[in-house]
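Reader: Could you walk me through the aromatic rings and the charges around them?
Author: Sure, here's what we'll be looking at.
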Amino acid sequence: MEISSKVLAEQGYGLMETIVYYENRPHPFSELWVNASEKVALIIDHGICEQPVCGATWSYQGYVRKQNEISEGYRWLRYEAKDMGSLRDDLEGLQAINQFQRVERRVDPRKSHPQIIGRVTYRVQLAESRKEMLQGNWVRFIVSL
């Protein structure tokens, strides 16, 4: 289910930035939608699993660094654009949490890079990250090799 920009705007979100991962290619990219009054950011990935692994891979460290920058000022939820069915429930759950704690999680690019793990596994990974946020953990990732 794809959520339209109109629906996000109705819920108080505005497009803050489009994040590109290659200088010379339009895909993959992520949209950063922010609700400033709620201090919530939605990161919506487009085409992030569709680049072939045999080609050039985009920087996973850059991906994590950008997500960590966002987490400094916002609680965040990340989605793959074609898998946003839980968005409304997630936002309701996020509003119900009164206290958050900052936590760090180590991630290995060889086990987490969307180009390598594929769409199905990436969606599972994103769902786990959202679940942790909905448990009150404000996650910052550390890339380990």
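Author: One term to begin with: buried means under 20% relative accessible area, exposed over 50%, and partly exposed in between, using a 1.4 Å probe and protein chains only. This is a predicted model, where local features need pLDDT of at least 70, side-chain atom pairs count only at pLDDT 80 or more, and totals for chains, interfaces and linings use all residues. Residues are numbered from 1 along each chain as its sequence is written, and side-chain values use heavy atoms, leaving out hydrogens and water.

Reader: OK, is Phe100 buried or exposed?
Author: Phe100 is partly exposed, because its relative accessible area is 22%. Trp138 has 17%, so Trp138 is buried.

Reader: How many aromatic pairs are there?
Author: Four, counting Phe, Tyr and Trp rings (for Trp, the six-membered ring) with centres within 6.5 Å; planes under 30 degrees apart are stacked, over 60 edge-to-face, the rest tilted. One of them is Tyr60 with Tyr63, stacked at 5.2 Å centre to centre and 25° between the planes. Both Tyr60 and Tyr63 are buried. Phe100 and Trp138 pair edge-to-face, 5.8 Å centre to centre with 70° between the planes.

Reader: Which residues form a cluster with Tyr60?
Author: Tyr21 and Tyr63 join Tyr60 in one aromatic cluster.

Reader: Switching to charges, what sits over the ring of Trp138?
Author: The charged end of Arg102, 4.6 Å from the ring centre. The rule wants NZ of Lys or CZ of Arg within 6 Å of the ring centre and within 35 degrees of the ring normal. Lys39 also lies over a ring face, that of Tyr74, at 5.1 Å from the centre.
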